[in-house]
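Biologist: I would like a close look at the packing inside this protein, beginning with one helix and the core that it joins. Please take me through it slowly and give the cut-offs behind each term.

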Amino acid sequence: MSKTSLSACIGLGDPNAKLNLYLSNRPDFDFAASHSSIAPLEQGEIFAVGQSCGNGWRKVFNVYAKLIYALPREFFPISPSATSWQHYRDMDLLQSSSNTALIFNSEVFNQQYHLPDNGMHIVMGRTFAATLEMPMTLRWLSHEFAIDTTHKIIVCPYFDYRQLSNAKIIYLVDLISTQMGLTNINTSY
């Protein structure tokens, strides 16, 4: 595999993200930044996407914020001013230096790039994962979750309340924490 950075990706958020989320669809929205790579959102754009593109995108952002808020701070420090996952979502998620990214193109997997070593890579949905050229080291833990400890990849349900419930978010936090060798898990959000 040849090595690349996330600069080959198209998405939203921090180009140097520690937590990279991959999904097959993208919002039909005219963002302030050009999206020929990963570009950070501006404050207010998450709300605008939810208003313009519907409840499905609000759920994706909400679940992503809940996940970040539940992660151990030793792996994923957040601003002390983020007093709730909602505040984190509105003030920090997918912005510059947020350490979070949503990636919309699958070339990172399908061109057999070596994923960057800077964090975790989470693929949303078993159906989407099946369309990707996932590493042979991917191991399914259940019909919904898979992990590749070599490449720091986790496959989980789509970020929707019905598919990724609060209990499954905590399970995902446990997988990430175990993968990163952490034990101090924050299960409140």
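Modeller: What follows goes from one helix to the core and then to the aromatic rings.

This is a predicted model, in which local features need pLDDT of at least 70 and side-chain atom pairs count only at pLDDT 80 or more, while totals for chains, interfaces and linings use all residues. Residues are numbered from 1 along each chain as its sequence is written, and side-chain values use heavy atoms, with hydrogens and water left out.

The protein has 6 helices and 10 strands, where helices (H or I, at least four residues) and strands (E, at least two) are DSSP runs numbered from the N terminus. Of its 189 residues, 50% count as buried; buried means under 20% relative accessible area, exposed over 50%, and partly exposed in between, with a 1.4 Å probe and protein chains only.

In helix 1, residues 45–53, the buried residues are Glu45, Ile46, Val49 and Gly50. They lie on the same side of helix 1 because they cover an arc of only 145° around the axis, the arc being that of the directions from the helix axis to the C-beta atoms. The face turned away from this buried side carries the exposed residues Phe47 and Gln51. The buried residues of helix 1 pack against helix 2 (55–70) and helix 3 (85–91), with contact meaning heavy atoms within 4.5 Å. After helix 1 comes glycine 54, whose phi is positive, near 100°.

Helix 1 also takes part in the largest nonpolar core, a nonpolar core being a set of buried Ala, Val, Leu, Ile, Met, Phe, Trp, Tyr and Cys residues joined through side-chain atoms within 4.5 Å. This largest core has 43 residues, and those with the most contacts inside it are Leu19, Leu102, Phe159, Leu172 and Ile176. The elements that give two or more residues to this core include strand 3 (19–22), helix 1, strand 10 (153–156) and helix 6 (166–179), while helix 2 gives the most, with 10 residues. Not counting residues up to four places away in sequence, phenylalanine 159 touches several residues, among them Leu21, Val60, Val63, Met124 and Leu172. A second, separate core of 15 residues includes Ala17, Ile103, Val123 and Phe128.

As for the aromatic rings, a search of the whole structure finds 5 aromatic pairs; rings of Phe, Tyr and Trp (its six-membered ring) pair if their centres lie within 6.5 Å, and planes under 30 degrees apart count as stacked, over 60 as edge-to-face and the rest as tilted. Phenylalanine 75 and phenylalanine 76 form a tilted pair, 6.1 Å centre to centre with 55° between the planes. Phenylalanine 75 is buried, with a relative accessible area of 3%, and phenylalanine 76 is buried as well, at 2%. Phenylalanine 145 and tyrosine 171 form an edge-to-face pair, 4.7 Å centre to centre with 75° between the planes. Phenylalanine 145 lies in the loop between strand 8 (139–140) and strand 9 (146–148) and tyrosine 171 in helix 6, so the pair ties together parts that are 26 residues apart in sequence. Phenylalanine 145 is buried, with a relative accessible area of 3%, whereas tyrosine 171 is partly exposed, at 35%. Trp57, Phe61 and Phe104 form one aromatic cluster.
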